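Here's a quick briefing to read alongside the model. Have the sequence and the 3D view open and follow the topics in turn.

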2 protein chains.
Amino acid sequence: MQRNTRQRTAILETLSRQDDFRSAQQIHEQMKADGETVGLATVYRNLQALSRSGRLDVLVAGDGESQYRQCADTGHHHHLVCRECGRTVEFLAPKLESAMTAIAHEHGFTDVDHTLEVFGLCADHTGQSVGPDEDLDDDPDDEDEGRAR
Amino acid sequence: MQRNTRQRTAILETLSRQDDFRSAQQIHEQMKADGETVGLATVYRNLQALSRSGRLDVLVAGDGESQYRQCADTGHHHHLVCRECGRTVEFLAPKLESAMTAIAHEHGFTDVDHTLEVFGLCADHTGQSVGPDEDLDDDPDDEDEGRAR
DNA sequence: AGCGACATGACAATCATTCTCACAACGGAT
DNA sequence: ATCCGTTGTGAGAATGATTGTCATGTCGCT
């Protein structure tokens with residue numbers, strides 16, 4: 001059974017004050033800066049346990065570093081993350097879900113699961129981007145359930 | 001400036017004989033087993049260079065290990081990977097692409113990019129056999145349970 | 001053949017994450 | 001409130017993939 005320890009409480013508290021995806025190391029540093037005395041291994045252990053129980057979302061960054069975030073939606077959802085500031089927006093896309101599942105079934109795959117994360121530059125960081133600003137917006141088959149934080 | 005070296009040739013040759021995603025370490029071992037003498041660092045450097053130039057696809061496994069594969073489609077596409085045997089099917093989903101881009105734009109995000117990979121059990125590992133190759137079965141039931149990780 | 005830039009290899013260095021294990025603290029029972 | 005078995009913690013070592021270093025090799029060109 002899961003016990004309630006000072007450390008676990010502190011970790012959850014720290015996470016609840018975070019809005020972006022943060023690595024275990026960053027969370028640990030943040031806590032240390034806040035005066036909390038928690039071992040790094042403990043942070044790792046708890047983040048893992050929390051994500052396993054679905055209370056936390058994990059994102060594997062390109063360099064292999066895992067990042068954690070406490071999401072508003074505890075169910076299945078995806079993220080739109082700003083490459084610059086890490087600002088995150090959760091969204092649901094039921095049509096995408098079923099479309100992917102359908103494709104998988106067409107190929108004989110079962111017990112389907114998937115990873116889908118979208119990266120981009122949020123409004124605050126759409127400065128002078130590179131190149132002639134690609135705009136690949138075509139078929140706005142709008143029906144998203146975007147839910148801003 | 002890209003020179004043709006024995007090592008690079010051997011790496012490409014090894015990759016062309018591979019159909020599944022393999023880690024740099026696995027590829028290195030495979031080559032050693034085949035009698036090739038190539039340094040591990042060289043394998044890493046070349047795999048990176050090749051993926052950067054788009055000749056190779058990279059998949060970041062859940063544990064952070066990068067896996068490489070030479071894909072038939074050199075353009076943008078996604079993968080359907082068997083969790084058991086690694087069997088991989090490439091697929092395109094233009095509708096998903098535009099839908100995701102649309103969602104991102106609705107939230108003010110630009111320069112959008114995304115990662116989308118589907119995992120499941122291929123016909124050979126689901127316990128029951130499915131049609132030969134094509135099987136347009138549409139079972140609306142989906143027991144997918146988000147397995148955060 | 002000669003040359004200079006790029007590539008390679010062996011190994012050290014990084015870095016995130018996990019393991020180890022002695023010790024501390026939770027919490028249900030007493 | 002106290003006991004006590006179980007679970008959690010902390011410090012540091014260990015692991016393992018990936019990257020950096022740098023002396024040496026060799027490719028492509030003249």
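## Where protein meets DNA

With five residues, α3(B) contributes the most to the surface near DNA strand D. On the surface near DNA strand C, the largest share is also five residues, and it comes from α3(A). Keep in mind that this is a predicted model.

**Around DNA strand D**

- There are 24 residues around DNA strand D, and the ones that come nearest are A:Arg3, A:Thr5, A:Thr42, B:Tyr44 and B:Gln48.
- B:Gln48 puts a polar side-chain atom 2.3 Å from a phosphate oxygen of DNA strand D, and A:Thr5 has a polar side-chain atom 2.8 Å from a phosphate oxygen of that strand.
- A base gets a contact too: an N or O atom in the side chain of A:Arg45 sits 2.9 Å from a base nitrogen of DNA strand D.
- Two or more residues of the surface near DNA strand D come from each of α1 (6-16) and α3 of chain A, and from α3 of chain B.
- If you look at the atoms of DNA strand D within 4 Å of the protein, 65% are sugar or phosphate, with bases making up the rest.
- Sorted by class, the surface near DNA strand D has eleven polar, seven charged and six nonpolar residues.

**Around DNA strand C**

- DNA strand C is surrounded by 24 residues, with A:Tyr44, A:Gln48, B:Arg3, B:Thr42 and B:Arg45 the closest.
- Of the atoms of DNA strand C that come within 4 Å of the protein, 65% belong to sugar and phosphate.
- From chain B, a polar side-chain atom of B:Thr5 is 2.7 Å from a phosphate oxygen of DNA strand C, while the side chain of B:Gln7 has an N or O atom 2.9 Å from a sugar or linking oxygen of DNA strand C.
- Chain A joins in through its backbone: an N or O atom of the A:Asn4 backbone lies 3.2 Å from a phosphate oxygen of DNA strand C.
- The elements giving two or more residues to the surface near DNA strand C are α3 (40-52) of chain A plus α1 and α3 of chain B.
- The class split for the surface near DNA strand C is eleven polar, seven charged and six nonpolar residues.

**Helix α2 of chain B**

- Helix α2 (residues 24-33) of chain B has B:Ala24, B:Ile27, B:His28 and B:Met31 buried.
- Those buried residues line one face of α2(B), because they fall within an arc of 100° when you look down the helix axis.
- B:Glu29 and B:Ala33, on the other side of α2(B), are exposed.
- What do the buried residues of α2(B) pack against? Their partners are α1 (6-16), β1 (22-23), α3 (40-52) and β3 (66-69) of chain B.
- Just after α2(B) comes B:Gly35, with a positive phi of about 90°.

**Strands of chain A**

- Three strands of chain A form an open sheet in the order β1-β3-β2, paired antiparallel.
- The edges are β1 (22-23) and β2 (57-60), each of which pairs on one side only.
- Two bridges link β1(A) to β3 (residues 66-69) of chain A in the antiparallel sense, and A:Arg22 stands opposite A:Tyr68 in β3(A).
- Elsewhere in chain A, β4 (residues 78-82) runs antiparallel to β5(A), joined by four bridges; A:His78 has A:Phe91 as its bridge partner.
- The hairpin of β4(A) and β5(A) has five residues between the strands, and A:Gly86 there takes a positive phi near 80°.
- Strand β5 (residues 88-91) of chain A is covered on both faces: A:Thr88 and A:Glu90 are buried on one side, A:Val89 and A:Phe91 on the other.

Conventions
Residues numbered from 1 in each chain as written. Chains lettered and ligands numbered in written order. Predicted model: local features only at pLDDT ≥ 70, side-chain atom pairs only at ≥ 80, totals over all residues. Heavy atoms only, no water. Buried < 20%, exposed > 50% of the residue type's maximum accessible area, 1.4 Å probe, protein only. Pairing = 2+ DSSP bridges. Arc of directions from axis to C-beta. Contact = heavy atoms within 4.5 Å. Near = heavy atom within 4 Å. Polar contact = N/O pair within 3.5 Å; in protein donor to acceptor, adjacent residues only side chain to side chain. Nonpolar A, V, L, I, M, F, W, Y, C, P; charged D, E, K, R; others polar.
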